[in-house]
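Hi,

Here is the structure I said I would pass on. Have a look at it first, and then read my notes underneath.

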Amino acid sequence: MAVAELTKEPSQMAHPQDEAALPAVAAAAPAEPAPGTPTVVVDDLHIVYRVYGAASASEKGNAANALLRILRRQGRPQMKEVHAVKGVSFVARHGDAIGIIGRNGSGKSTLLRAIAGLLPPHKGSVYTNGQPSLLGVNAALMKELTGERNVVLGCYAMGMTPSEVKEKYDEIVEFSGIGEFVQFPMSTYSSGMGARLRFAIASAKSHNVLLIDEALATGDRDFKRKSQERIQQMRGEAGTVFLVAHNLDVIEETCNRVIWLHKGKIKMDGDPATVLAAYNS
Ligand SMILES: Nc1ncnc2c1ncn2[C@@H]1O[C@H](COP(=O)(O)OP(=O)(O)OP(=O)(O)O)[C@@H](O)[C@H]1O
């Protein structure tokens with residue numbers, strides 16, 4: 001597989017739709033790859049979280065032990081490792097819309113964040129062609145600013161010019177369906193409204209690799225339909241879309257491929273009908 005032209009370690013790149021993004025570092029989009037060319041190569045990826053201050057397994061959840069630890073002033077916090085992704089490998093191609101499914105805690109969000117370059121691999125590698133953009137319900141725009149300001153900032157962060165922002169502004173606000181709330185600070189929004197605005201901003205631009213984490217779970221039926229259509233459109237125009245969703249109907253209707261994660265490993269990877277049937281059985 002030709003991965004030489006792909007970029008290793010996307011953590012060194014800008015990720016405009018995530019909290020770590022800086023508008024000033026948005027990179028120019030590289031030339032569009034031909035359909036079917038690899039856009040993301042994940043090679044034996046392991047992600048390990050280190051949690052400091054964790055109790056040992058024998059003490060877990062025990063109030064008396066927690067109190068004892070405080071009374072004994074156990075200075076050094078213990079460190080616990082959570083091995084969230086365990087040797088995941090796959091190749092995503094231009095034009096793919098890949099649904100990631102699995103139970104709570106199976107590693108879906110961790111995998112997306114690793115592809116976006118926000119989590120360093122403990123072992124293995126992620127190669128990406130182009131700039132991945134993570135769109136998640138937790139991806140922060142600036143909550144104290146109004147929706148209006150966030151639309152403008154978000155567009156700049158994705159590398160749009162002022163005239164492109166002007167051209168897209170109305171469409172973004174209309175797509176989000178948040179109406180007059182666009183004039184209010186985002187801190188006043190419900191989580192669904194915030195997610196819709198983020199999706200509307202992120203999807204106003206073509207992305208080489210778009211990572212969507214549960215963004216569609218919060219909208220009403222009409223918004224879900226609109227956003228599914230938009231994803232299909234982005235699939236055509238852009239590169240690859242990854243979608244994490246607990247709603248399997250959304251996955252079935254939107255994706256051409258499904259990866260089922262179980263306890264951090266790929267349990268199945270294939271066409272939606274086959275994988276969803278196995279997952280549901
Ligand atoms: N920041 C973190 N620090 C420590 N452990 C974490 C962190 N984020 C996730 N984990 C752990 O990593 C594992 C995978 O979590 P992850 O959020 O990726 O799963 P998920 O499949 O997206 O879950 P859900 O469906 O509930 O959103 C879980 O055991 C979780 O407790």
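Below is what I found, going from the whole chain down to single residues.

Please keep in mind that this is a predicted model. The protein chain has eight helices and ten strands. Of its 281 residues, 41% count as buried. If you take the contacts with a separation of 6 or more, 78% of them are between residues 24 or more positions apart.

On to the ligand. Which residues sit around it? The list runs Tyr49, Val51, Val82, Ala84, Gly102, Asn104, Gly105, Ser106, Gly107, Lys108, Ser109 and Thr110. By class, that shell has four nonpolar residues, seven polar ones and one charged. Three elements each supply at least two residues of the shell: β2 (38-52), β3 (79-93) and α2 (108-115). Of the elements, α2 gives the most, with three residues.

Next, the helix I spent some time on, α5. This one covers residues 191-202, twelve in total, and reaches 16 Å from its first C-alpha to its last, close to the 16 Å expected at 1.5 Å a residue. Is α5 mostly covered or mostly open? Mostly covered: ten of the twelve residues are buried. Those are Met193, Gly194, Ala195, Arg196, Leu197, Arg198, Phe199, Ala200, Ile201 and Ala202, so you will find two arginines, Arg196 and Arg198, on the buried list.

Helix α4 (residues 162-176) packs against it: the axes of α4 and α5 come within 8 Å and cross at roughly 145°. The crossing of α4 past α5 is right-handed. On the α4 side, the residues that meet α5 are Ile172, Phe175 and Ser176, and their partners in α5 are Arg196, Leu197, Ala200 and Ile201. Sorted by class, this contact has five nonpolar residues, one polar and one charged. Arg196, Leu197, Ala200 and Ile201 also appear among the buried residues of α5.

A couple of backbone angles are worth a look too. Most residues other than glycine have a negative phi. Aspartate 44 has a positive one, near 45°. Aspartate 44 sits in strand β2, and it counts as exposed because just 12 other C-beta atoms lie within 10 Å, where 12 or fewer is the cut-off for exposed. Lysine 263 also has a positive phi, near 50°. You will find lysine 263 in the loop between β9 (257-262) and β10 (265-270). With 14 C-beta neighbours inside 10 Å, lysine 263 is partly exposed.

Finally, two residues that I used to get a feel for distances across the chain. Leucine 68 is in helix α1 (residues 63-71) and is exposed, with 12 C-beta neighbours inside 10 Å. From leucine 68 to isoleucine 231 the C-alpha atoms are separated by 53 Å, with these positions 163 residues apart along the chain. Valine 250 belongs to helix α7 (residues 248-254). Why does valine 250 count as partly exposed? Because 19 other C-beta atoms lie within 10 Å of its own, and a residue needs 20 or more to be buried. Valine 250 and asparagine 65 are 185 residues apart in sequence, and their C-alpha atoms are 45 Å apart in space.

Have a look when you get the chance.

Cheers

Conventions:
Residues are numbered from 1 along each chain as its sequence is written. This is a predicted model: local features need pLDDT of at least 70, side-chain atom pairs count only at pLDDT 80 or more; totals for chains, interfaces and linings use all residues. Helices (H or I, at least four residues) and strands (E, at least two) are DSSP runs, numbered from the N terminus. The expected span of a helix is 1.5 Å times one less than its number of residues. A residue is near a molecule or strand if its C-beta atom, placed from the backbone, lies within 6 Å of it. Ala, Val, Leu, Ile, Met, Phe, Trp, Tyr, Cys and Pro count as nonpolar, Asp, Glu, Lys and Arg as charged, and the others, Gly among them, as polar. Axes are lines fitted to C-alpha atoms, for helices over the stretch in contact, and angles run from 0 to 180 degrees between N-to-C directions. A crossing is left-handed if the near helix is turned anticlockwise from the far one by less than a right angle, and right-handed if clockwise. Two residues are in contact if their C-beta atoms, placed from the backbone, lie within 7 Å.
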